[in-house]
Amino acid sequence: KSKERVRDHGEIFTPQWMVELMLNQPEVQEDISSLHTTVLEPAAGEGVFLVEALKRKLSQVNDMADGKYLTSWRRNMLWALMSIYGIEFLDDNLVIARDRILEAFLIHYEETSGQQLGIKTKLYKTAKYIVTTNVIQGDALSRTNKFGLPLVFSEWQNSTESVASVKRTLFTLDDRQYDVLEYLKNFGGGNVNLQNQKSEHNQRLEFKEVSLEDVYKELVLWN
């Protein structure tokens, strides 16, 4: 965007042709074809690599469709989105990257279903929440964000009882679990009233196992 940004931050955007070349490598194609295989871009820029990776995963979702249109197809779209992670140091790039990833999700939904996804629907709210949660501001080298806090990611796991439910846990790049209460205080979107949460007998706060389309609610419980 400018010589100053290249000098100060080493900002050089990966061209589309190079992104496609990387993703076309046989070993990468095999991983991308797996719905739950995660993709992490440590210098996400404006999201070109992550958008292309998501598009390929969403194409795989369509190939997997089994006729249960409103259930398995929507569910697998969210699982594909949950596998996309990114770190970007510069705030303006971060905004663009998040917007482009969400746009790719919405365009795929519209082109496949023939309908627009309304911003008031649970699917839209959850998709936007996942993008904001998975693509974060920070420095992959120092493993901290601009406030000096550790980079924290969410692991989205299949419920043991239902593929339509998800269990969320938190981890850092050092592969350490991160406290949910601390996360909500530092990063939470305001959906949880922590003043009404009380712990007994050294219980720990956890995210509740919820329906995939209820992820945006940030529901928690003491355990």
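A residue is called buried when its relative accessible area is under 20%, exposed when that value is over 50%, and partly exposed in between. With this in hand, the predicted model can be explored. Arg100 makes a good start: at 34% relative accessibility, Arg100 counts as partly exposed.

Arg100 is one half of a salt bridge, its side chain meeting that of Glu46 at 3.5 Å, N to O. The two partners come from distant parts of the chain, 54 residues apart, with Arg100 in helix H6 and Glu46 in the loop between strand E1 (39–41) and helix H4 (48–64). Glu46 has a relative accessible area of 14% and is therefore buried.

Helix H6, home of Arg100, runs over residues 91–113 and has 23 residues. From its first C-alpha to its last, H6 reaches 33 Å, close to the 33 Å expected at 1.5 Å a residue. Among the buried residues of H6 are Leu94, Ile101, Leu102, Phe105, His108 and Tyr109. Just after H6 comes Gly114, with a positive phi near 80 degrees.

Across the whole structure, nine salt bridges are found. One of them joins the side chains of Glu213 and Arg74 at 3.1 Å, N to O. Glu213 sits in the loop between E7 and E8, while Arg74 belongs to helix H5 (residues 69–82), so this pair ties together parts that are 139 residues apart in sequence. Glu213 is buried, at 17% relative accessible area, and Arg74 also counts as buried, at 14%. A further salt bridge connects Arg204 with Asp179, where the closest N and O atoms are 3.5 Å apart. Here the partners are 25 residues apart: Arg204 is in the loop between H8 and E6, and Asp179 is in the loop between strand E5 (165–172) and H8. Arg204 is partly exposed at 48% relative accessibility, and Asp179 is partly exposed at 26%. Shared partners also join Lys122, Asp214 and Lys217 into one network of salt bridges.

Aromatic rings offer another set of contacts, with six aromatic pairs in the structure. In one of them, the ring centres of Tyr85 and Phe153 are 5.7 Å apart and the planes stand at 75 degrees, so the pair is edge-to-face. Tyr85 lies in strand E2 (residues 84–88) and Phe153 in strand E4 (residues 152–158), so parts 68 residues apart in sequence are tied together. Both Tyr85 and Phe153 are buried. Tyr183 and Phe207 are edge-to-face as well, because their planes are at 75 degrees, with ring centres 6.4 Å apart. This pair links helix H8 (residues 180–187), which holds Tyr183, to strand E6 (residues 205–207), which holds Phe207. Tyr183 and Phe207 are both buried, and together with Tyr178 and Phe187 they form one aromatic cluster. Phe207 has a charged neighbour too: Arg168 lies over the face of its ring, at 4.1 Å from the ring centre.

At the surface, Trp17, Met18, Leu21 and Met22 form a nonpolar patch with about 400 Å² of accessible area together. Trp17 lies in helix H2 (residues 16–23) and, at 55% relative accessibility, counts as exposed.

Finally, two loop residues deserve a look for their backbone angles. Arg143, in the loop between strand E3 (135–137) and E4, has a positive phi of about 60 degrees although it is not a glycine. Glu218, in the loop between strand E7 (210–211) and strand E8 (220–222), is likewise not a glycine and has a positive phi of about 55 degrees. Arg143 is partly exposed at 37% relative accessibility, whereas Glu218 is buried at 3%.

Notes:
Residues numbered from 1 in each chain as written. Predicted model: local features only at pLDDT ≥ 70, side-chain atom pairs only at ≥ 80, totals over all residues. Heavy atoms only, no water. Phe/Tyr/Trp six-rings, centres within 6.5 Å; stacked < 30°, edge-to-face > 60°. Helix = DSSP H or I, 4+ residues; strand = E, 2+ residues; numbered from the N terminus. Buried < 20%, exposed > 50% of the residue type's maximum accessible area, 1.4 Å probe, protein only. Lys NZ or Arg CZ within 6 Å of the ring centre and 35° of its normal. Expected span 1.5 Å × (residues − 1). Patch = residues over 30% accessible without salt bridge, like charges linked within 9 Å, V, L, I, M, F, W, Y side chains within 5 Å. Areas by Shrake-Rupley, 256 points an atom, 1.4 Å probe, with all protein chains shown as cover. Salt bridge = Lys/Arg side-chain N within 4 Å of Asp/Glu carboxyl O.
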